[in-house]
Amino acid sequence: SVQKVVGYGSSISGLNIHARNRNGNITAQLNSKDVNGEASWLPAGRGKLVARFKNAALDEVKSIETPRPPVSRDVPNKKAAPVTIPVIDVAIDQFTYHGKPLGRVELHASQTEKEILLDHFRLSSPEGVLAVNGKWDISAAQTHAVVKLQLNDVGGMLAHNGFPNSVKNGSGTLEGDLVWPGGPDDLMLRNLDGQLNLKLAKGQFLQLDPGAGKLLSVLSLQSLPKRITLDFTDVFSKGFEFDSIVGAAQVRKGVLSTNDLKIKGSAAEVSLNGQVDLNRETQTLRVRVSPTIGDSVSLLALAAVSPVVGAGVFLANKILRDPLDKLVSFEYNVTGSWADPLVEKVGKVKASSSNAE
């Protein structure tokens, strides 16, 4: 019986362990209010740790360890200390970390002569599934991770992770292929390189405090109506409903660069080009807003002339793929910090021209 186990900033209390050794293979049954399940140690080769838990909860504690001297994170290919791990095979049906229920966790890791491999990591909850695989090249002191986040409920996942009332509904995927110097715990935004791809559908941005929402406030475009009056109905300040968000970004030293991020909604279509600095929390973006006016014009015609004429205008507009929506767009430069951006209207742009009037 162990009253309390403390390590790596976490703790487990009231732990009862029943273990047995059979020919060097150790199997232990662990029971407490925080952990329930079985763990086995197989010593052959590098060794193998197998754990199957019904539940595991790690409580947060303040570290009592002596702080280590600061290590420079900006030196590429820094030499890592020798590291050896056994094969790790862990599954937890209900995992809670520092009071936050995260769902089911599956982890499989192993090691070769020069690399530590994350063969499989999967975190599953009703809101979505996070899958990661990658490797830590010990000799080159570099970590490579391939990430895929399948989102069943964007708003629910954000609320679950400390951003309530920021997005309503929404589903899709966020994929990343990322590299940074050092080990997995050496990840810092200013050293991050790679590629990101985003695809979302059917959701709505709600009112969000930029200081809390950080990068999400950039994507929601709610800074536009705070600085200017839009030329058409204000579709952002009350929460922009989107049918789709699709885009890709290159990441270099923590700076995201994109030239094809597109947001489509019933009220407007938006394209974003430029850069977002994740480390400094700043942005340099060109935003083009194309208000969707085709249906509104059809409804006005329907009311002012007749149902027959209105229906004719509506059908003609749709057959020609909403030509009325393409007549005029409006462009803005968005710069400065995420919390207090500077929005400057560039001008009104005709569909046939790429230059502001």
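How many bridges join β4 to strand β5, and in which direction do the two strands run? In this predicted model, eight bridges connect β4 with β5 (residues 48–60), and the strands are antiparallel. One position in this pairing is given by G37, whose bridge partner in β5 is F53. The two strands form a hairpin with five residues between them. Within that turn, G45 has a positive phi of about 65°.

On the N-terminal side, β4 (residues 35–42) is also paired with strand β3 (residues 25–31), through six bridges and again in an antiparallel arrangement. T27 stands opposite S40 of β4 in this pairing. The connection from β3 to β4 is a hairpin of three residues. Strand β4 therefore takes part in two antiparallel pairings, one with β3 and one with β5, since two strands count as paired when at least two bridges are found between them.

Positive phi values also occur outside glycine. Most residues other than glycine have a negative phi. K253 departs from this pattern, with phi near 55°. The residue lies in the loop between β13 (241–252) and β14 (255–264). Its relative accessible area is 43%, so K253 is classed as partly exposed. A second case is E281, with phi near 60°. E281 is located in the loop between β15 (268–277) and β16 (282–291). With a relative accessibility of 29%, E281 is likewise partly exposed.

Eleven salt bridges were found in a search of the whole structure. Among them is the contact between the side chains of D193 and R252, with an N to O distance of 3.0 Å. This pair links distant parts of the chain, as D193 belongs to strand β12 (residues 193–205) and R252 to strand β13, 59 residues apart. The two partners fall into separate accessibility classes: D193 is buried, at 19% relative accessible area, whereas R252 is exposed, at 55%. The value for D193 falls in the buried class because the cut-off for that class is under 20%.

Strands β12 and β13 are also linked by K202 and D243, which lie 41 residues apart in the chain. The closest N and O atoms of the K202–D243 salt bridge are 3.4 Å apart, which satisfies the criterion because a distance within 4 Å is required. K202 is exposed, with a relative accessible area of 58%, while D243 is partly exposed, at 34%.

A further salt bridge is formed by R288 and E331, with 2.6 Å between the closest N and O atoms. Here the link runs from strand β16, which holds R288, to strand β17 (residues 328–337), which holds E331, and the pair is separated by 43 residues. R288 is partly exposed, with a relative accessible area of 23%. E331 is buried, and its relative accessible area is 5%.

Salt bridges also occur as a network, in which D93, R104 and E106 are linked.

Methods: Residues are numbered from 1 along each chain as its sequence is written. This is a predicted model: local features need pLDDT of at least 70, side-chain atom pairs count only at pLDDT 80 or more; totals for chains, interfaces and linings use all residues. Side-chain values use heavy atoms; hydrogens and water are left out. Helices (H or I, at least four residues) and strands (E, at least two) are DSSP runs, numbered from the N terminus. Buried means under 20% relative accessible area, exposed over 50%, partly exposed in between (1.4 Å probe, protein chains only).
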